[in-house]
Amino acid sequence: MQTYPCKLTSPARERGGIDTIITGGMPLSRRSGRGVGGEGKPLHIEESRPTMKRLLSQAGPVVIVALWLALLPISLFRLYATDEVQYFAYLRSVYFDGNLDFANEYGYFADLGMQKGDPAVYNALLKDRSSDPPLNPITGLYRNVAPVGSAILWSPWYVVADGLVGVGIFGDAPRDGFSQPYIIAVCLASACYTLFGLLLSYRLARRWVGMWAATLATLSIWLASPLIWYTYIQVPWSHGAGFAMVALFITIWLGPTDQPLLAQGSQRSWVRWLALAIVGGLMTLTREQLGLFLLLPAVEGLVAYASLIRQGQWLQVRQLLAKHVFFVLIFALSLAPQLISYNILYGQPKPSGTVSGKLNLISYKFLHTLFDPRRGAFMWHPLLLVGLAGLIWLWRKDRLLTGLLSLGLFAQIYLNGAFGSTWHLQGSFGFRRLIECTPIFIIGLALLIERIRWPKAAIASLALVFIVWNGGLIFQAATDREIRGPGLRWNTMLADQLKVPQLVWQKADQLLFNRCEVVKNC
């Protein structure tokens, strides 16, 4: 009889599958507690009942989910900002009207804004300007510069909400696609995608670090970055769904094996290439700039081709080329919803000039996006810079992977800096266009936490400082739009932050029971 070492490694692990996702990288067959010894007799590796140690090793996802649920009651399930309206308009117009005429969606939310003294939606989407008319002269339809991905990913929640409204679960709520159950549905969908992205990012970090480091890194980056704002405050944006798609794309790309990326040689099953293409398409449909993450498998493939050609393995070159062609075809097909939308709205399968006209070939504001005193990502959220520094230790473990993750991050920063007139994201909380890079920051911070030999209490306390600082900025931004406009006010920053606890105490009743009294545009 063929024997196997009791370590029970790779055949099951390499096959992967849904079991490896559920168990954090360990196949179910390996968790049963049985192996085969040299004499062909059962060998008990683990007791059949889960031990306390095993249960604690899986505590990370439980803690993440528990905190996400605990904070969910503070959510503001509302839809009012211009970008939010455009994401939502696709979903409501197609589902209820069967078209892409957004006149009624834009009009509805413009009227709501005007009632609250905020003409932003009207000015951005309906106001007629001779230099930039809102109606396309060819099609006669209102433009929509948002991509369709969020509407696609929100649609299951929206359809369920419509069914519940139809059977009277929400009482007299009108079945019009605008009433509160529909708004709650898309907000809850966005928050759930954020949770999914956090769990996937945690699982990615667990490839190299233990439960403690992965959990603390995941929670710290989430709570000390703009991601927390777009989880609970301005919920129906594309960032939650985009973050989840990037995390899922990287997860599928790396696969279940622990092999360094170079050793994998870009070898994946047809099913994994299919999944990677579909998720890559959804990722790009959610936020177009996320398509730059396709550079990761693209450059990896070039490295693999170079190695195979050097070795004269032409059969493997042809096999890999066939899979890459398959990937490109499926990815292109997945973009069809966006191209069809462009064609209907503008009479041609390309985006509105309103977006493309803002983009430069040179990233003049590259460093500004990171270090500008008022709007820079690392100035608002310095823990992101700390997480980036942690990638040094990933370099020692997997140089190709480190280089490609850095390339993906660099591409996002470069593109953001190339938006000449809107690089600063004035009016936003923090530098939100790097939210989808959260898995990279979490991996880096987790490796750093694992590496340093400080007491856990000291590390957790330091992380808490970053979280509390971000919490103070959140309170200021929610109650004072000035910090979200011009940006950080360093001359009064410390004093403003020190006032936050007193202001929270004074406004505790409103914050708990009537947040619309203290939050703008609620």
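This briefing walks through the fold, core, helices, cavities and a few individual residues of the structure above. The model is predicted. The protein has 522 residues, of which 49% are buried, and its secondary structure comes to 27 helices and two strands. Contacts between distant parts of the chain are a good place to begin: among those joining residues at least 6 apart in sequence, 74% link residues at least 24 apart.

**The nonpolar cores**

- The largest nonpolar core has 132 residues, and within this core Trp222 and Trp253 touch the most other members.
- Helix H9, covering residues 180-205, gives the most to this core, contributing 13 residues.
- A second core, separate from the largest one, has five residues, including Ala304, Tyr305, Leu308 and Val317.
- For Trp253, leaving out residues up to four places away in sequence, the residues touched are Leu261, Arg268, Arg272, Leu276, Leu296, Pro297, Glu300, Leu401 and Leu404.

**Three helices worth a look**

- The 26 residues of H9 should span 38 Å at 1.5 Å a residue, and the 37 Å between its end C-alpha atoms agrees with that.
- H9 is largely enclosed by the rest of the structure, because 20 of its 26 residues are buried.
- Helix H12 runs over residues 239-254; its 16 residues reach 22 Å from first C-alpha to last, close to the expected 22 Å.
- With 16 of its 16 residues buried, H12 is therefore largely enclosed by the rest of the structure.
- Just after H12 comes Gly255, which has a positive phi near 75°.
- Helix H24 takes in residues 438-451, and its 14 residues reach 20 Å between the first and last C-alpha, close to the 20 Å expected.
- H24 is mostly covered, with twelve of its 14 residues buried.
- Among the buried residues of H24 are Thr438, Phe441, Gly444 and Leu448.

**Cavities**

- Searching the whole structure turns up two cavities of 30 Å³ or more.
- The largest cavity holds about 50 Å³ of space.
- Its lining is made up of Ser225, Pro226, Leu384, Phe431, Leu434, Ile435, Thr438 and Phe441.
- Two of these lining residues, Thr438 and Phe441, are buried residues of H24.

**Residues in loops**

- Asn136 sits in the loop between helix H7 (120-126) and helix H8 (149-166).
- The relative accessibility of Asn136 is 15%, so this residue counts as buried, the cut-off being under 20%.
- The side chain of Asn136 reaches the backbone nitrogen of Thr139 at 3.1 Å.
- Setting aside residues up to four places away in sequence, Asn136 touches Leu141, Leu345 and Tyr346.
- Ser266 is in the loop between helix H13 (261-264) and helix H14 (270-286).
- Although Ser266 is not a glycine, its phi is positive, at about 60°.
- Ser266 is also buried, with a relative accessible area of 1%.
- Phe419 lies in the loop that joins helix H23 (399-418) and H24.
- At 13% relative accessibility, Phe419 counts as buried.
- Beyond its neighbours within four places in sequence, Phe419 is in contact with Lys358, Leu359 and Arg433.
- Phe419 and Leu361 are 58 residues apart along the chain, and their C-alpha atoms are separated by 9.2 Å.

**A helix residue with long-range partners**

- Val299 belongs to helix H15, which covers residues 295-310.
- Val299 has 25% relative accessibility and so counts as partly exposed, since buried means under 20% and exposed over 50%.
- Not counting residues up to four places away in sequence, Val299 touches Leu404 and Leu407.
- The C-alpha atoms of Val299 and Leu404 are separated by 7.6 Å, while the two residues are 105 apart along the chain.
- Leu404 is touched by Val299 and also by Trp253.

Terms used:
Residues are numbered from 1 along each chain as its sequence is written. This is a predicted model: local features need pLDDT of at least 70, side-chain atom pairs count only at pLDDT 80 or more; totals for chains, interfaces and linings use all residues. Side-chain values use heavy atoms; hydrogens and water are left out. A nonpolar core is a set of buried Ala, Val, Leu, Ile, Met, Phe, Trp, Tyr and Cys residues joined through side-chain atoms within 4.5 Å. Buried means under 20% relative accessible area, exposed over 50%, partly exposed in between (1.4 Å probe, protein chains only). Helices (H or I, at least four residues) and strands (E, at least two) are DSSP runs, numbered from the N terminus. Contact means heavy atoms within 4.5 Å. The expected span of a helix is 1.5 Å times one less than its number of residues. A polar contact is a pair of N or O atoms within 3.5 Å; within protein, one must be able to donate a hydrogen and the other to accept it, and residues adjacent in sequence count only if both atoms are side-chain atoms. On a 1 Å grid over the protein atoms alone, a cavity is a set of points where a 1.4 Å probe fits but cannot get out, and a pocket is an open set with protein on both sides within 12 Å along at least five of seven lines; lining residues have an atom within 4 Å of a point. Grid points are joined across faces, edges and corners, and a volume is the space filled by probe spheres set on the points.
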